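The following exercises train the reading of a protein structure. Each consists of a task and a solution that proceeds step by step.

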Amino acid sequence: MDFTLFSTLVINGLAMGVIYAMLAMGLILLIRAVGILNFAQGDLLMFGAFISSSLILDFELPLFIMIPLALLSFCIVGLIFMFAIYWPLRKASYPAATIIATMGASIVLKEVATFIWGALPRSLSPILTDEAGKAAILYIGSVPLQWQYVLIIVVGSILIFLIFMLFEKLYVGKMMQAACQDAYAANLLGVPTIVTIAATYMIVSVLASVGGYLVAPIFMVRNTLGTLQLRAFAGVVIGGFGNIKGAIVGSILVGLIEVFSTVSFSGYKDVTVFLLLIVFLVIRPQGLFGEKIADKA
Amino acid sequence: MKPVLRLDGISKRFGGVVAAKDITFAVLPGEVHGLIGPNGAGKSTLMNIISGIYTPDKGTVYLRERDITKVPSFERARIGIGRTFQTPRFMQRSNIRDNLLMGTDLANQMGYLSSFIGKKGNPFEEELAELMEVAKFTFRWEDNISSLPFGKRKLLEIVRSMLGHPKVMLVDEPAAGLNNKEIEYAMDLLNLAARKRGIGVLLIEHSMDMIMDICDDIVVINFGEVIASGGPEQIASNPLVIEAYLGGDDDAEN
Amino acid sequence: MKYKIWIGIVALGVFIFAIPQVLEGYSMNVMNVALLFSIVAYGISIMMGMGGQLSFASVSFMGGGAYFIANVCTNRFGINMPTLPALLLTPVVFAVIAFVIGLFLFKLKGTYFTFSTIALVQVAYTFFNNYKPIFGGADGISGIPTLNLFGYKFTSYNKWFYVIVACVIIVAVLVERIRRTQLGRSLASIRDNETAALTLGVNVYMTKVIAFSIAGALAAFAGALWCMHGKFVGADMFNYANAAQFIIMAMLGGVNNTIGIVVGAILVKVLPELLRSLQAYMQLIWGIAIIVLMVFMPSGRAGLYERVREKVGSFIDKNKPGTGKEQPHETSSKA
């Protein structure tokens with residue numbers, strides 16, 4: 001394969017990987033800080049895509065107004081999601097109940113999006129376009145790269161980095177994790193649990209929704225965007241469960257594998273990713289970075 | 001008499017923490033052997049190593065002089081290592097019958113298919129009645145397990161373990177959370193297990209009354225190491241032991 | 001308690017008698033499919049209700065069973081097996097396949113395992129949808145012969161109803177039997193605390209694999225019946241969304257309630273048909289219903305059906321003279 005094709009695939013793969021990483025990060029955050037496995041993660045991305053595209057297409061807002069409004073909306077969606085799913089179920093004795101509820105939320109999000117914006121996919125132009133209105137191209141040497149993919153990588157990485165710092169290194173993140181693991185102790189320490197949980201949901205919603213906005217010009221804005229979460233699941237597991245760093249690396253890996261396998265087996269790219277996932281799991285269940293699973297009595 | 005349970009040179013670290021260092025002691029059949037030490041001394045870790053939940057870094061565990069260090073946890077239960085926990089582990093959503101049957105399943109070991117087609121295990125009603133008379137309460141089979149108060153559940157866990165016909169019983173703080181009468185019944189059960197059934201009981205306890213009353217032999221652990229072993233009188237007067245407990249007022253710990 | 005069993009049998013008899021009088025054609029089709037789905041849901045009940053393992057894989061085994069029949073009974077590869085032996089062979093074949101797959105997947109715990117079943121569904125779906133030689137690609141395979149029971153051909157949905165009901169009853173009895181024997185207990189111990197189960201002598205790994213194999217066999221069996229019933233198999237049926245639907249079906253009726261499973265399956269399939277006028281809102285109602293349902297499950301017990309049955313049961317109990325609920329009592333021989 002020639003170098004141009006190779007670089008295009010790499011950039012595409014990295015871009016999709018970053019999107020999956022944003023979803024995956026949200027998944028892990030919800031698991032570690034709130035203790036819930038969210039099967040509606042992809043639909044948050046989808047909803048974010050719709051909100052963003054609506055602000056641009058229907059309200060014709062310039063970018064500098066649209067972005068803060070969009071971020072605000074993402075936070076609100078996150079809060080509503082929390083109140084609808086997490087809050088009533090926080091004491092559920094059947095852990096599967098919360099998971100199934102998120103499946104219900106997935107359906108609800110899809111339907112609400114269809115009601116508000118219709119069933120037809122909408123097209124959104126890339127953030128950077130040339131004079132002819134087509135996707136702007138960045139030239140590195142003689143290699144043409146779509147600006148949109150580059151932007152995804154850059155913006156996504158920055159966002160991931162910021163939130164990673166928040167959770168892995170800074171006190172605030174650790175407090176939020178502590179609040180999840182021992183609500184009583186956290187309360188004693190003066191960390192209001194509901195605030196940290198609400199903050200987590202908003203951050204997760206922003207992560208997913210921004211991903212939706214970034215990926216919309218590539219896939220079109222449609223209510224099936226939610227299926228992207230399945231790749232994020234794969235990334236989470238390959239990377240080693242519960243580990244943000246692992247989830248990010250795993251997701252980027254998934255993005256690259258997916259893109260490169262379209263070259264050879266276009267219809268079967270899902271097979272490549274998921275078969276690899278299964279094989280990986282069997283050989284190295286703890287993922288790339290996970291700890292060996294230790295049981296306690 | 002050959003010991004029913006023997007630890008030889010057991011060592012275990014968790015990262016930088018030494019949980020066990022060169023632990024060696026033995027439990028004889030029909031004996032109640034105390035395992036005591038301050039909180040954090042490594043007693044529960046030892047229990048976990050014996051039941052196979054942790055693997056020791058060094059050392060060997062022998063059941064009836066058979067090396068079981070590499071035997072998986074569930075297999076150890078099947079060859080005769082029974083266990084009770086500080087907080088009883090029952091199937092919360094099931095009734096008392098199903099929970100007790102887990103014990104007899106272990107004694108029968110007939111396999112899923114035999115059970116499915118209705119093969120009957122060995123009768124256990126008499127044995128159960130005898131045990132319940134010692135535990136001094138009755139229950140209805142169909143009641144959910146959580147309808148029993150904490151103390152009775154702890155006693156029932158000992159009963160369940162005995163229904164499994166173990167050769168060794170690892171008993172973790174049976175007195176914790178029980179009132180005086182219930183502690184008495186627990187001791188009766190453990191005595192029955194040891195004296196009458198020949199089970200080797202390894203007993204973790206903080207209640208010095210129980211330890212002194214019921215144990216034939218005691219091993220004292222602190223910071224993962226054996227600091228003393230011997231009979232109740234020896235241990236009670238051992239200066240190292242007294243020092244480890246900071247004055248020996250055990251009840252203050254509870 | 002005994003009278004409850006008799007009421008149940010009578011109700012069942014009424015059901016079996018009345019339904020074919022009232023339904024036919026399309027509506028009977030819906031009922032039949034609902035009952036077939038309940039067989040899949042029973043498998044989920046074993047895995048999740050008893051064992052606490054959330055698996056999406058059932059839908060792929062259903063596909064497996066369906067495609068198996070589609071290939072083996074239609075002379076596609078030169079094999080033209082009569083339908084009855086093929087039907088009986090299906091659960092055996094797929095029990096073995098599920099066993100082998102389970103050996104791999106259960107090296108993972110908890111949510112890892114669940115994700116791996118999702119991966120399995122994706123892989124299977126992609127093959128079902130793309131690999132024409134075996135699966136017919138996106139068009140599927142049609143012209144599947146209907147079930148031939150020693151010469152009696154099931155040519156109408158109404159005729160199918162009886163054999164499907166019989167299968168559901170057999171499966172229900174089997175599942176209930178499992179629940180009451182050692183396998184059911186061991187699964188329950190795994191569900192509540194895996195490590196404690198180990199100390200009780202339960203081979204947690206193999207028990208999970210066994211449960212997975214049974215669930216896979218049941219799903220495959222249902223798939224085989226389904227494709228003979230509909231005379232067609234296509235990949236659309238075996239995707240992630242339907243996998244989720246089966247799980248919800250199982251939870252709806254009470255994942256541990258043997259009768260509730262069938263009720264749940266029927267509700268999920270039949271209710272949308274009855275509420276035709278709300279067609280546009282159907283999915284939304286469905287989604288909200290799922291959330292509401294999960295919220296209002298009383299602690300420790302699953303399912304709307306069980307709650308209703310509780311309320312009805314306690315109403316009956318209160319109003320029966322002389323049978324007030326006994327209070328649990330203890331006697332001490334000595335104070």
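The model is predicted.

**Exercise 1. Classify Val255(C) as buried or exposed, and locate it in its chain.**

Step 1. The count of C-beta neighbours inside 10 Å of Val255(C) is 29.
Step 2. A residue is buried if 20 or more other C-beta atoms lie within 10 Å of its own.
Step 3. Val255(C) is therefore buried.
Step 4. Its place is the loop between α11 and α12 (258–274) of chain C.
Step 5. Val255(C) and Tyr26(C) are 229 residues apart along the chain, and their C-alpha atoms are separated by 28 Å.

**Exercise 2. Determine the class of Ile68(B) from its C-beta neighbours, and describe its surroundings.**

Step 1. Ile68(B) has 19 other C-beta atoms within 10 Å.
Step 2. The buried class requires 20 or more, and the exposed class 12 or fewer.
Step 3. Because the count of 19 lies in between, Ile68(B) is partly exposed.
Step 4. Ile68(B) belongs to the loop between β5 (66–67) and α2 (73–79) of chain B.
Step 5. When neighbours within four places in sequence are left aside, the contacts of Ile68(B) are Val61(B), Tyr62(B), Leu63(B) and Arg76(B).
Step 6. The C-alpha atoms of Ile68(B) and Ser51(B) are 9.7 Å from each other, with 17 residues of separation along the chain.

**Exercise 3. Describe the four-stranded sheet of chain B and explain which strands stand at its edges.**

Step 1. The strand order of this open sheet is β2-β1-β4-β5 (chain B), and the pairing is antiparallel.
Step 2. β2 and β5 of chain B each have a single partner strand, so one side of each lacks a neighbour in the sheet; these two are the edge strands.
Step 3. Strand β1 (residues 5–14) of chain B and strand β2 (residues 17–27) of chain B run antiparallel and are joined by seven bridges.
Step 4. Within this pairing, Ile10(B) has Ile23(B) of β2(B) as its bridge partner, and Leu7(B) has Phe25(B) of β2(B).
Step 5. β1(B) and β2(B) form a hairpin with two residues between them, and Gly15(B) in the turn has a positive phi of about 65°.
Step 6. Helix α1(B) lies across β1, β2 and β4 (58–63) of chain B and runs at about 65° to β2(B).

**Exercise 4. Describe the six-stranded sheet of chain B and the helices that lie across its strands.**

Step 1. The open sheet has the order β6-β7-β8-β3-β9-β10 (chain B), with mixed pairing.
Step 2. Its edge strands, β6 (81–84) and β10 (225–230) of chain B, each pair on one side only.
Step 3. From one strand to the next, the twist averages 20°.
Step 4. Strand β9 (residues 217–222) of chain B runs antiparallel to β10(B), and five bridges join the two.
Step 5. Ile221(B) has Val226(B) in β10(B) as its bridge partner.
Step 6. Helix α1 (residues 43–51) of chain B lies across β3 (32–36), β6, β7 (168–172), β8 (200–204) and β9 of chain B, at about 150° to β7(B).
Step 7. Helix α7 (residues 180–196) of chain B lies across β3, β7 and β8 of chain B, at about 150° to β8(B).

**Exercise 5. Characterise chain A and the crossing of its helices α1(A) and α9(A).**

Step 1. Chain A contains eleven helices and two strands, and 50% of its 297 residues are buried.
Step 2. The axes of helix α1 (residues 3–34) of chain A and helix α9 (residues 228–239) of chain A come within 8 Å and cross at roughly 70°.
Step 3. Angles from 65 to 115 degrees count as roughly perpendicular, and α1(A) is therefore roughly perpendicular to α9(A).
Step 4. The crossing of α1(A) past α9(A) is right-handed.
Step 5. Residues making the contact include Ile19(A), Leu23(A) and Leu27(A) of α1(A), and Leu228(A), Ala232(A) and Val236(A) of α9(A).
Step 6. By class, this contact of α1(A) with α9(A) has ten nonpolar, two polar and one charged residues.

**Exercise 6. State how many residues chains C and A bring to their contact, and describe the side of chain C.**

Step 1. Chain C brings 37 residues and chain A brings 38 residues.
Step 2. On the side of chain C that touches chain A, α5 (110–130), α11 (240–252) and α13 (282–295) of chain C each supply at least two residues.
Step 3. α5(C) gives the most to this side, with twelve residues.
Step 4. The side of chain C that touches chain A has 25 nonpolar, ten polar and two charged residues.

Conventions:
Residues numbered from 1 in each chain as written. Chains lettered and ligands numbered in written order. Predicted model: local features only at pLDDT ≥ 70, side-chain atom pairs only at ≥ 80, totals over all residues. Pairing = 2+ DSSP bridges. Axes fitted to C-alpha atoms, helices over the stretch in contact; angles between N-to-C directions. Contact = placed C-beta atoms within 7 Å. Parallel < 35°, antiparallel > 145°, perpendicular 65-115°, else oblique. Left-handed = near helix turned anticlockwise from the far one by under 90°. Nonpolar A, V, L, I, M, F, W, Y, C, P; charged D, E, K, R; others polar.
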